[in-house]
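Here is a short report to read alongside the structure. Please keep the viewer open as you go.

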Amino acid sequence: MSVVIKFFPDMYVDSVVQLSGMRAMREVEGVSWASAAMATPANLETLQEQGVDAAEVAGKGANDFFLVVIAPDDDTAQAALDAGHSAVFSSSEPAGHVTETPIRSLRDALDRQPDSNVAVISVPGEYATLAAYQALNRGLHVLLFSDNVPLDKEIELKEFARSKGLLVMGPGAGTALLGGVALGFANAVSPGKVGVVAAAGTGAQEVMSLLERWGVGVRVVVGLGGRDLHEEVGGMMAVSAIAALREDPEVEVILFVSKPPAESVAAAVLSTTGDTPIVATLIGLPSSFEAPEGVVMADTLESGVVATMGILGRHAPDTTVTLGPSIEEAVNRLAPGRTLVRGLFSGGTLCYESQVLLERVLGEVRSNVPINPDWGLPAPEGSHQCLDLGEEEYTKGRPHPMIDPEARVALVREHAQDPQVAAIILDVVLGYGANADPAGVFAPVCREVMADGGPQVIAYVLGTDHDPQGFAEQRRQLAEAGCIVTETAARASLVAAAIALRDAEIQKQAL
């Protein structure tokens, strides 16, 4: 086994570019592990866990960038390292462009591009707060891609931003569409009349993709980060974002999306005054919640988009259409003992939505209880589960599963070996920043696990016809592998429940 590591002292590389380098190295045949990251204490610890000699990381610090590869031989390791180097450093400047002075600070960037009004920050969490303050002091809105920012620092940042009439989107804000420019993980959409405010990354991607596929388009997407609607933060940026969209004459409807919010915060945010109608899809909010007058409530991302289209005088297409085998065909080939559902999600909001929908018909659904011994404790016997595999506990030392689908392949096989599992739900997320061909990774393993009476895989492809991966082609690959491919994320969960219960009434809801 060959372990090759190369450090680049005093060189900062944006985390999105790091992920590009990591993906390039892992795509080299034979590579068992690779990473591209800053040499923070946590990352250096991961290196040593993977077998890198402690002497090789001695004296390295958070200002140093590294590429590392573990492969069966030196030639493979070096080829992968070269691929990572090319991906990282060729993406830093357009081909043929020569930078006279390297950009090493926010000041350098603004000197080069003085008309900028948004700063995207993706430095390690311990440095993100200072970088955000620097941007706010220069009058820039902030998209804070970074995780691991303490809650008290987030509150302070947002209070400061609000005092200056600016937005802090994040921490952990991975999706936005501002001025027609997609930031982070986002999908290719046409201009429209809908403004999206989302404390949910894949929730934002799902609604923007459905709006695009159903012919409406999107004006703007403001990502808030997952904690903005927590009690402690109080929805500060949600209020600011909704107010900003209400001042935009091009926005005719605001679609507000969130993972489970604090009820009191949701009520306060939705009570803000204004003439622009709001549709609120707040996943997991109790049915007893009373929305303020003029706010349309929806309980799934799909129904939120349908309600939004209704306000615009548009009708959504039939969402019950599927590709691949029918539910009846899937049920007929399953052994009677297969009655459980497992959802293996790359998107946190899609995981939450699935759990809510499944619990309505299946009872308790466990969440984030790993089954693979390498990832944590085994699943309790006989349980339904929905796992958000994009959570930090799963991505330490690994690329996000939207970037590297291989991270879920072992789990698909592991769950399929459980003789009680009837259905496995997979989300396949397309768009900027996502893997170039996720269906190409999943299709073979799905075909494999469904053979000889194995569980039915229900796949949902989140994307648009304009996304670089090719929406129709991704769906075709999965359907030809034997997956049931649904029109929306919500439909995937209903199909899975219908299969697990062998229930005709649930089947009618799904189709």
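The report begins with the whole protein and then turns to one strand and a few single residues.

## Overall picture

This is a predicted model. The protein has 19 helices and 19 strands. Its radius of gyration is 23 Å, and the globule rule gives 24 Å for 511 residues, so the protein is as compact as a globular protein of that length. Along the principal axes, the C-alpha atoms occupy a box of roughly 65 × 60 × 40 Å.

Of the 511 residues, 54% count as buried. The accessible surface adds up to about 21000 Å², and carbon and sulfur atoms contribute 49% of that area. If we take the contacts with a separation of 6 or more, 73% of them link residues that are 24 or more positions apart.

## Strand E18 and its cover

Let us now look at strand E18, which spans residues 456-462. How many of its residues are buried? The count is seven of seven, so E18 is mostly covered by the cut-off of under 20% relative accessible area.

The side chains can be sorted by direction. Gln456, Ile458, Tyr460 and Leu462 point one way from E18, while Val457, Ala459 and Val461 point the other way. Both sets are buried. In a regular strand, side chains alternate between the two faces of the sheet.

## Neighbours of E18

Which strands pair with E18? One of them is E17 (residues 421-429), which runs parallel to E18 and is joined to it by seven bridges. Within this pairing, Ala423 has Gln456 of E18 as its bridge partner. Strand E19 (residues 484-486) also pairs with E18 in the parallel sense, over three bridges. Here Ala459 stands opposite Val485 of E19.

Helices link these strands in the chain. E17, helix H16 (residues 438-450) and E18 form a right-handed β-α-β unit. A right-handed β-α-β unit is also made by E18, helix H17 (residues 471-480) and E19. E18 thus takes part in the unit with H16 and in the unit with H17.

## Backbone details

Two residues that are not glycines have a positive phi: Asn148, at about 60 degrees, and Asp452, at about 55 degrees. Asp452 sits in the loop between H16 and E18, which belongs to the first β-α-β unit described above. Is Asp452 buried or exposed? Its relative accessible area is 85%, so Asp452 counts as exposed by the cut-off of over 50%. Asn148 is found in the loop between strand E5 (141-144) and helix H7 (151-163). With a relative accessible area of 55%, Asn148 is exposed too.

Another backbone feature to look up is a cis peptide bond. The bond from Gly170 to Pro171 is cis, with omega near 5 degrees. Pro171 lies in the loop between strand E6 (168-169) and strand E7 (175-178).

## A buried threonine

Thr129 belongs to helix H6 (residues 125-137). Its relative accessibility is 12%, so Thr129 counts as buried. What does Thr129 contact, leaving aside its neighbours within four places in sequence? The residues in contact are Val149, Lys153 and Leu157.

Notes
Residues are numbered from 1 along each chain as its sequence is written. This is a predicted model: local features need pLDDT of at least 70, side-chain atom pairs count only at pLDDT 80 or more; totals for chains, interfaces and linings use all residues. Side-chain values use heavy atoms; hydrogens and water are left out. Buried means under 20% relative accessible area, exposed over 50%, partly exposed in between (1.4 Å probe, protein chains only). Helices (H or I, at least four residues) and strands (E, at least two) are DSSP runs, numbered from the N terminus. Two strands pair if DSSP finds at least two bridges between them. A crossover is right-handed if, with the strands pointing away from the viewer, the path from the first strand over the helix to the second runs clockwise. The radius of gyration is taken over C-alpha atoms; the globule rule is 2.2 Å times the number of residues to the power 0.38. Contact means heavy atoms within 4.5 Å. Accessible areas come from the Shrake-Rupley method with a 1.4 Å probe; for residues, only the protein chains shown count as cover.
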